[in-house]
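User: I've got a model here and I'd like to talk through its open space and a bit of its strand pairing. Can you take my questions one by one?

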Amino acid sequence: MGLRGSIIALTVPLTLGFALRASAQEGPSAGPSVVTAEARASEGIPLVRGGPGLVASPGSREGPDDPVPVPSPAAVNPALLPGWSFVVGLPSPRPVRPVGRSDAPGTAGNGSDDGATAGEPPVQEEVWTDVWGQEKNFGLAAVEAYLGNFLPWVFNEVVPGRAALKISQISPRSWLNNLEHGWEWDDNAFQVNHFAHPFQGNIYYNAARSNGYGYWGSFLFATAGSFHWECCGETHFMSVNDWYNTAIGGAAVGEMLYRTSSMVLDNTATGSERAWREIGAFLMNPTRGFTRLVTGNASRVYANPEHPNDRIPNRLENQISFGVRKATSERRAGEITVDDGGEAHSFVDLQLVFGSLFDLERQKPFDFFTLATQVNLRQEKGLGKLQIRGNLWHKDLSLTDNSVSKLILVQDFDYENTEAFEFGGQGASLMYLKRTDRSERTSFVWNAAATWMIMGGVNSEFAILADVEGIRERLREYDFGTGLGGRVGFQFLRDGYRWIDGSYRIQHLYTLNGSNFNGRDSNHIVQMLRLRAVFPLGYRRFGAGAEYELFLRDSFFESEQFGKIEQRVPRWQIFFTWNPTRNVGN
Amino acid sequence: MRAARTAAPALVAAALLLGASAVEAQTGPLFRFAFGWQDMSGDMGEVLDGAVDAEFSIMYPVKAIRLGAGANWVSFAMDDFEESWSQVRFHFLVGYPYQINDWLRPYVEGRATYRRLRPEDDRFYGGEEELLRDFVSSGTGFEGVVGTEFILSRAASIDVSFAGGAFSVSPDLSEEGLGAIDSGLAWRFHVGIAWFPTNGR
């Protein structure tokens with residue numbers, strides 16, 4: 001170690017040390033004056049946890065007589081400097097704000113300890129929590145996200161079939177090697193890249209979401225967690241398509257699971273009902289369930305969130321269908337036509353409409369979202385469809401007695417994996433939406449959207465020639481691409497029932513990796529038409545319906561030998577529906 | 001090693017400056033992430049050269065001691081060979097921290113280890129040939145650790161530690177043409193972060 005290194009080595013920590021001491025002498029330097037947990041305990045002041053859902057309110061099951069001593073960020077030893085809180089995960093004193101409800105006893109919420117003497121009402125403990133009563137805990141969120149990578153690595157290391165792949169032979173050497181090499185594309189199966197990775201991203205996302213972070217903060221966690229896996233969780237080169245799908249798709253899947261698990265949870269429930277609700281939410285969203293177990297919220301009785309959209313929205317449509325579906329596929333290249341055949345099979349699908357775009361009061365992502373899934377029975381590709389649309393931002397354009405129109409920024413998650421075609425990816429759309437009420441019972445809704453597929457995938461005949469550097473595990477059958485498109489939709493509603501639902505989408509995908517081998521361009525134009533009609537059957541929770549879908553793909557390859565290939569996949573399905581929680585949708 | 005040599009005197013100096021300050025004892029789970037240098041001696045030291053390693057441990061305090069588990073990763077260079085060997089080592093640990101109310105918190109740990117040694121697949125590092133061998137030599141051992149935590153806050157500490165231990169593996173490396181080597185001594189020096197994700201509560 002040279003002289004310069006010695007000076008730096010001694011100066012930096014010593015400077016840090018003086019800063020620590022100076023800060024320790026100053027004590028808490030920002031934020032409201034707050035009574036610390038230790039001070040309360042020493043003075044015999046009862047502790048009442050603050051924040052929505054935690055503050056004792058009249059009639060609630062938790063009251064001042066049953067205080068729950070919970071440490072606040074301000075209760076941290078004053079010797080700890082606020083400036084380090086960002087680095088080491090301590091909530092900074094500055095963001096701490098009074099959030100106690102004014103109707104709750106003891107919720108002065110003024111952040112002052114004046115008058116906190118015996119005989120007076122207990123002073124509100126000022127702890128910021130989210131609407132589910134969870135304090136923001138960066139440390140726990142980061143550790144959960146880390147375990148979300150560590151446990152899959154252990155799986156790869158110890159399970160014989162996985163260990164044979166040798167991708168778990170990680171070390172500082174592999175990490176440095178990956179970081180130096182940079183991003184590549186991979187050749188994993190479509191369901192791995194477009195479903196499994198978003199589902200993995202949901203774990204990182206909910207590690208943060210369940211620890212007090214909102215949509216955007218949790219999205220950053222998904223981005224960082226995915227990067228960590230790509231660089232350091234396996235020996236493969238870092239895959240850029242994995243990063244996009246895990247981070248962006250993880251946010252869509254994660255927020256959807258957070259919202260749906262919120263519908264199952266009930267903080268006021270007790271006994272076996274509470275246990276089953278917590279188990280159900282755990283199975284739907286394991287990361288959130290883990291957080292609730294660790295923090296004790298799983299067993300604590302306290303109030304539910306006040307806003308309906310934070311738990312069960314005022315408008316909710318949940319439609320489960322069971323039926324039979326027939327699809328055929330035909331491809332044409334010049335004069336040559338290939339009939340790929342097709343067969344009928346049964347399916348179950350779930351369509352969920354959470355909230356209503358027309359009732360949006362807050363700029364909170366996914367206060368409205370739709371979920372469409374389809375599970376194919378007795379088919380090789382079980383999960384045939386997973387589609388999520390959630391609002392990120394909205395603006396009211398007009399509002400009259402019988403019509404309303406809005407501009408909405410939507411996050412799009414698409415996954416369609418059938419025997420005939422593959423299409424999916426992460427995107428966003430700017431949508432114009434208008435609803436007109438023709439009578440008290442009848443409404444029309446239509447929408448038009450400009451879409452951007454940030455990164456998507458579509459089946460392609462020549463994707464097997466893709467440039468994939470590093471270890472080839474298989475020949476990929478789909479291209480990765482990006483592109484713009486458009487979407488229009490129409491719905492006819494009667495008595496809140498979605499009688500007719502139609503949509504058309506056209507999407508361009510410029511191939512980023514796949515059929516564009518050797519510098520040759522390739523492009524795909526995908527069109528999807530969907531018409532669905534459902535009719536109530538007497539007893540209004542049940543209905544019957546039919547749906548027609550048409551998938552068209554026009555692929556243009558720069559190579560003269562390949563030229564243009566068209567694919568046409570019409571699909572018919574008939575089904576029965578059950579709407580267990582039907583309300584007015586949209 | 002250079003970073004470690006640089007950091008050690010700096011931490012000692014800072015610790016001397018702040019060592020007298022009292023802090024509150026921390027409870028709750030503790031995570032430790034560390035990088036360092038790992039080398040071998042004994043029989044295994046004849047074929048494996050030292051390399052940078054990384055380690056992760058999770059611990060939970062039970063009264064005065066800490067119980068935990070973790071993993072360690074290293075890619076050893078080989079004496080007289082072009083290839084490298086990968087080692088994954090899992091461990092269970094029992095630790096005892098001293099001076100839990102001080103800024104400088106020494107500790108000792110005893111560890112039971114299980115390691116897997118294998119030729120590293122060079123495909124991942126630009127090699128063209130797929131490694132056809134699927135040889136793994138694994139076995140148990142023990143390790144003793146002495147270290148200290150330099151408390152930064154309720155949530156985090158800088159951790160410096162030195163460890164040494166012995167192990168044996170099976171089968172021996174003769175199948176790989178490296179002789180009947182089935183044991184060794186492992187040494188390492190680590191600098192890392194000890195993290196109480198629940199702020200030490």
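Analyst: Sure. A term to start with: a pocket here is an open set of grid points where a 1.4 Å probe fits, with protein on both sides within 12 Å along at least five of seven lines. Keep in mind that this is a predicted model.

User: How much space lies in the largest pocket?
Analyst: Its lining is made up of 30 residues, and A:Ala142, A:Tyr146, A:His228, B:Phe33 and B:Trp195 are the ones nearest the centre. The space inside comes to about 860 Å³.

User: Which element gives the most to that lining?
Analyst: From chain A, α3, α4 and α8 each supply at least two residues, and so do β1, β3 and β9 from chain B. The top contributor, with eight residues, is α4(A).

User: How many of the lining residues are nonpolar?
Analyst: Gly would go with the polar group in this scheme. The lining has one charged residue and four polar ones, and the nonpolar count is 25.

User: Which residue of β9(B) stands opposite B:Ala34?
Analyst: β9(B) pairs antiparallel with β1(B) over eleven bridges. It also runs antiparallel to β8 of chain B, joined by 13 bridges, and there B:Asp159 faces B:Gly192. Opposite B:Ala34 in β9(B) you again find B:Gly192.

User: Where in chain A is the pLDDT below 50?
Analyst: Chain A averages 80, with 77% of the residues at 70 or above. The low stretch still has 201 contacts beyond near neighbours in sequence in the model. Where pLDDT is low, though, the coordinates shouldn't be read in detail. The stretch is residues 1–118.

Conventions:
Residues are numbered from 1 along each chain as its sequence is written. Chains are lettered from A and ligands numbered from 1 in the order in which they are written. This is a predicted model: local features need pLDDT of at least 70, side-chain atom pairs count only at pLDDT 80 or more; totals for chains, interfaces and linings use all residues. Side-chain values use heavy atoms; hydrogens and water are left out. On a 1 Å grid over the protein atoms alone, a cavity is a set of points where a 1.4 Å probe fits but cannot get out, and a pocket is an open set with protein on both sides within 12 Å along at least five of seven lines; lining residues have an atom within 4 Å of a point. Grid points are joined across faces, edges and corners, and a volume is the space filled by probe spheres set on the points. Helices (H or I, at least four residues) and strands (E, at least two) are DSSP runs, numbered from the N terminus. pLDDT is the predictor's confidence in each residue, from 0 to 100. Contact means heavy atoms within 4.5 Å. Two strands pair if DSSP finds at least two bridges between them.
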